[in-house]
Amino acid sequence: MSFLKKPFLVILLFMTKSIFVYAKSETLVSPAGNVKVIFSLENARAGFDVSFNGKSVVRSISLGFVLEGNDSLTKFSMNSCSYFEKRNTWKTVWGQSSEIVENYSELKISLNDLTQNRTLILSLRAYNDGFAFRYEIPAQENVHIIHVISEESRFALVGKYSCWWSWADYGTLEKQYYHTSLDSAKHVAVPFTLRRNDDVYVSIHEAAIDDYSSMTLKQEEGDANSYKVNLVPWAFSVQVKAVDSLRTPWRAFIFAKKPGDLIESNLILNLNEPCKLEDVSWIKPMNYIGIWWEMHLGISTWTPGDRHGATTENAKRYIDFAAANGIKGVLIEGWNTGWEEWGKKDAFDFVTPTADFDLKDVVEYARSKGVEIIGHHETGGDTESYEKHLEAAFSLYSKLGIHVVKTGYAGSVTPEGELHHGQCMVRHYNKVMRLAAKYHIMLDVHEPIVLSGLSRTYPNLMTAEGVRGMEWNAWSEGNMPSHTATIPFTRGIAGPIDYTPGIFDIDLSAHKGDRMKWNSLDKGNTSVHSTLSNQLALMVVLYSPLQMAADLPENYEKHPAFEFIKNLPTTWDETHVREAAIGEYVTIARRSSDAWYVAGITNEHAREAEIDLSFLPKGVGFTARLCKDAPDADYQGNPEAYVIEEKNVISTDILRVTLAPGGGFFLILHPVKK
Ligand code: NOJ
Ligand code: CA
């Protein structure tokens, strides 16, 4: 199917009006009138004040740039401005819903820089669920080399807030989250999520990062409510480099009345451009298993030898298990040569299988069983080497019929000295994304740059890690249940998370004698900090169009609960957050065709979830199959105890489910067949 040739776009209203006036104050209002932006130009300083439901939430303090050579682009007069309105509904290739409403009002202001008469365009957008702005330095006579020393976007949050944040880190996004007042959140990664004491929720992020460096937010000295956009610099150099023209990502503020609305918001996707791929028929979301957790547990190795995980025989074992159990994909890590050299320059070979792994045979075998192989490119951060081999590597996979590749960047990046989130790496990741599209390859990026909604434009960018994921439970003190109850509202705002949930051998005892320590963070007491039902629930709570069931086949085989993972959809027609408190609990209902999947998790505290089934169509009977924590379950002492129940329900029912400390539940509702 050609996505562009059969568009589902419905443009309800497309109205542009330009009013070329020289005014000092302009007002922009979202389609429903609930988000209002007042732009002003006073004493040559541009600024805005944004209100949500009648109350001011964000006020800009400064706008513009400082460029190399002590060149400030911060004092302006106004050339002109134009208003634009868009009413649109677009169809997703995959996602949390099959259609997304994209309604907004936009104000484009052409500013004239008072020092050198250069034009800077400031675009402001008001959506019903938030606000965003971006800058553009268009091509013009007196602009050539643009070297950004500082993006001067500073803003103040109005009111009193608590916030969920992780430390900004130019090397990794795999961090713990903290819930504190603003005072402690001195330098934070985005998405940065906040709650005002009158229950306004805000999440600050960026959208459409292309040829620019990633942003973090730095608190202004002496004012805990004020932050400045801080860009990850080039090695020993400026923050952003451009020639002739420059366009920043959108700086986005999602506003919500309740935490669940943050998860349901499509603001970040809507700020990206429509799909640029003509044919998307090859893009297929899927659940998958893989030769993966066994290496993290230290049962097998990525490197060849007695314990090598990626052997032909082991791969076929996973393929057989997938084929028999409604799992569509099998990831194979450690299939290629070079792992012994991990950490060295040019370590990995991206085309040569190890002697004990027959790539062609494995792919053929998978095809005969209707299973997709998910290829793997670990780069160790050596992007220079990866770029050299990229065409050959993608073309090999594509010739073999491998359409999904997991990439990884575990190590310090090259070119030497560059930071993981600077413009150099942004260019690399986006180049890989575009080239993968050319070869009809879907991507699952580990150690990524932060997601910014580019999947709308390139839907082959399926999912990414960029979170302290499941692997940490195999070889470190691990992740607490409050971590997974926080990330849907923080990291999840950026896009799909390849957290790799679904571990059933919670205390990691099944392979105890067989494990070898390989990671220095492993203190010999690792386990997964949740109940089994919580692991099951994460498969639905944490959205990813490529969703891994991460445990080993033998650990699933012994559990009836595994039936909930078989044939699990990974793209949804509708998503509704039913209950949520950030860092405490969340219950999400997702629809696929006429079936509903409802899952809930809690943090370290037990709770009773109330599942109001009013989202079901009226007058239709549903069979509800529920997997929940057993009455004596507890993530600390008895994590694997669960019960499965079945009953018939209708839309007026309210189900009450008790979740153990660190617990969860998973409910599947199918209409009763007549
Ligand atoms: C880190 C990734 O997050 C993990 O999934 C992968 O198995 C290892 N690197 C090895 O590539
Ligand atoms: Ca990782």
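The paragraphs below walk through a predicted model, beginning with a bound calcium ion, moving on to a second ligand, and ending with two residues in strands.

The calcium ion, which is ligand 2, is held by protein donors from Glu174, Glu447, Glu465 and Glu471, with Glu465 listed twice, and these donors lie 2.3 to 2.6 Å from the ion. If you follow the chain from one donor residue to the next, you will find the spacing E-x272-E-x17-E-x5-E. Glutamate 174 sits in the loop between β14 (161–165) and β15 (178–181), while glutamate 447 sits in the loop between β28 (442–445) and β29 (461–464), so this pair ties together parts of the protein that are 273 residues apart in sequence. Glutamate 174 and glutamate 447 are both buried.

How are the donor atoms arranged around the calcium ion (ligand 2)? The 6 donor atoms subtend angles of 52 to 158 degrees, and because of these angles the arrangement is irregular. An octahedral label would require, for six donors, that opposite donors be over 155 degrees apart and that all the other angles lie between 65 and 115 degrees.

We can now turn to ligand 1, which is surrounded by 13 residues, the closest being Glu333, Glu378, Lys406, His446 and Glu471. Glu471 also appears among the donors of the calcium ion. Sorted by class, the shell around ligand 1 consists of 6 charged, 4 nonpolar and 3 polar residues. Several side chains place polar atoms beside oxygen atoms of this ligand: for glutamate 333 the distance from a side-chain N or O atom to a ligand oxygen is 2.6 Å, for tryptophan 292 the corresponding distance is 2.8 Å, and for histidine 296 a polar side-chain atom lies 2.9 Å from a ligand oxygen. Of the 300 Å² of accessible area that ligand 1 has on its own, the protein covers 96%.

The last part of the walk concerns two residues in strands. Glutamine 547 belongs to strand β30 (residues 546–548), and it counts as buried because its relative accessibility is 1%, where the cut-off for buried is under 20%. The side chain of glutamine 547 reaches the backbone oxygen of leucine 542 at 2.8 Å, and a polar atom of that side chain also lies 2.9 Å from the backbone oxygen of methionine 539.

Arginine 607 is part of strand β34 (residues 607–612), and with a relative accessible area of 16% it is therefore buried as well. Although arginine 607 and glycine 662 are 55 residues apart in sequence, their C-alpha atoms are 9.7 Å apart in space.

Definitions and conventions:
Residues numbered from 1 in each chain as written. Chains lettered and ligands numbered in written order. Predicted model: local features only at pLDDT ≥ 70, side-chain atom pairs only at ≥ 80, totals over all residues. Heavy atoms only, no water. Donors = N, O, S within 2.8 Å, 3.2 Å for Na, K, Ca; no water. Tetrahedral: all angles 85-135°; square planar, octahedral: opposite > 155°, others 65-115°. Helix = DSSP H or I, 4+ residues; strand = E, 2+ residues; numbered from the N terminus. Buried < 20%, exposed > 50% of the residue type's maximum accessible area, 1.4 Å probe, protein only. Near = heavy atom within 4 Å. Polar contact = N/O pair within 3.5 Å; in protein donor to acceptor, adjacent residues only side chain to side chain. Areas by Shrake-Rupley, 256 points an atom, 1.4 Å probe, with all protein chains shown as cover. Nonpolar A, V, L, I, M, F, W, Y, C, P; charged D, E, K, R; others polar.
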